[in-house]
Amino acid sequence: PVALLDGRDKARLYWPALGRGQYFKRERTALSGWLTHPISFSIPENRVAKRVPPKEALFATHVQCEAAYGHPWVREHCRSSYAFEDENAYRGDLESAHFGITMRKGGFECQRHYEIAAAGAIPCFYQLESKSAHGAPFGLRDGENAIAFRDARELEMKTQEVLESGAQEPMAERALEWARDHSCEAVARRLLETLQIERPRRTRAA
């Protein structure tokens, strides 16, 4: 069986590929959902924290979402430009924060969602409700393993509610579990299982 992987950030299909194998795509709509299989980004299993690390900061330092800068803490402590020289410093900053802010970039799917969750922080996703149910990322749910927000006021209200209720560690644990479910191994296994299910049966010649 042949797997065709469309990793483009746009929902538009590459029409010459249809019918030439099992077509897997990240950015899907209701229409392309009929013609393709879903697939997502993944993260190496050794980059997923074993447990939720101790927390020192409210938000991770790197924030590209302009709407989030209406939050006083973000405005004072975060920056939109790249803040770290290497991966270890970037990851350490994520691990030390209760929350990490992420958003749509070229498409709704991007590696930052997985980096935040894998570090044991809670992803705060700007305009998550605008994402197609047919496209990645799959499984991020507001109030369960992530926080969806539309503006700084909602971000402040929801994060404060989580901290005041003591729900931050259970929510971060569920975010970690989501990251584990999207390890490179787990995503590859699901792709191979789909190929096996869809594999045409061979018939013997008479």
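**Helix α4 and its surroundings in the predicted model**

The buried residues of helix α4 are Arg112, His113, Tyr114, Ile116, Ala117 and Ala118, as seen in a model that is predicted. Because six of the eight residues of α4 are buried, the helix is largely enclosed by the rest of the structure. The cover over these buried residues includes two helices, α3 (87–95) and α6 (168–180), together with the strands β5 (97–102) and β6. Just after α4, Gly120 adopts a positive phi of about 85 degrees.

Within α4, which spans residues 111–118, Arg112 deserves a fuller description. Arg112 is buried yet forms no salt bridge, and the nearest side chain of opposite charge, that of Glu115, is 5.0 Å away. This distance does not meet the criterion for a salt bridge, because a side-chain nitrogen of Lys or Arg would have to lie within 4 Å of a carboxyl oxygen of Asp or Glu. A polar atom of the Arg112 side chain does, however, lie 2.9 Å from the backbone oxygen of Ile101. When residues up to four places away in sequence are left out of the count, Arg112 touches Ala60, His62, Tyr90, Leu94, Ile101, Thr102 and Lys105.

Arg112 also takes part in the lining of the largest cavity, where Val63, Gln64, Cys65, Ile101, Thr102, Met103 and Lys105 are the other lining residues. The volume of this cavity is about 40 Å³, and a search of the whole structure finds one cavity of 30 Å³ or more. Ile101, Thr102 and Lys105, which are among the residues that line the cavity, are also among those that Arg112 touches.

The largest pocket, by contrast with the cavity an open space, has a volume of about 180 Å³. Its lining is made up of Phe24, His37, Pro38, Ile39, Ser40, Phe138, His182, Val187, Arg190, Leu191 and Thr194. Strand β3 (37–38) and helix α7 (184–198) each supply at least two residues of this lining, and α7 gives the most, with four residues.

Two backbone features occur in the loop between β6 and β7, in which both Gln127 and Pro137 are found. Most residues other than glycine have a negative phi, and most peptide bonds are trans. In Gln127, a residue other than glycine, phi is positive, with a value near 60 degrees; Gln127 is partly exposed, with a relative accessible area of 33%. Farther along the loop, which runs between β6 (122–126) and β7 (147–149) and contains Pro137, a cis peptide bond joins Ala136 and Pro137, with omega at about 5 degrees.

Taken as a whole, the protein comprises seven helices and seven strands, which follow the pattern β-β-α-β-β-α-α-β-α-β-β-α-α-α when read along the sequence. Its C-alpha atoms fill a box of roughly 75 × 35 × 30 Å, taken along the principal axes. Of the 206 residues of the protein, 44% count as buried. Among contacts between residues at least 6 apart in sequence, 57% join residues at least 24 apart.

Note on methods. Residues are numbered from 1 along each chain as its sequence is written. This is a predicted model: local features need pLDDT of at least 70, side-chain atom pairs count only at pLDDT 80 or more; totals for chains, interfaces and linings use all residues. Side-chain values use heavy atoms; hydrogens and water are left out. Buried means under 20% relative accessible area, exposed over 50%, partly exposed in between (1.4 Å probe, protein chains only). Lys and Arg count as positive and Asp and Glu as negative; His and the chain ends are not counted. A polar contact is a pair of N or O atoms within 3.5 Å; within protein, one must be able to donate a hydrogen and the other to accept it, and residues adjacent in sequence count only if both atoms are side-chain atoms. Contact means heavy atoms within 4.5 Å. On a 1 Å grid over the protein atoms alone, a cavity is a set of points where a 1.4 Å probe fits but cannot get out, and a pocket is an open set with protein on both sides within 12 Å along at least five of seven lines; lining residues have an atom within 4 Å of a point. Grid points are joined across faces, edges and corners, and a volume is the space filled by probe spheres set on the points.
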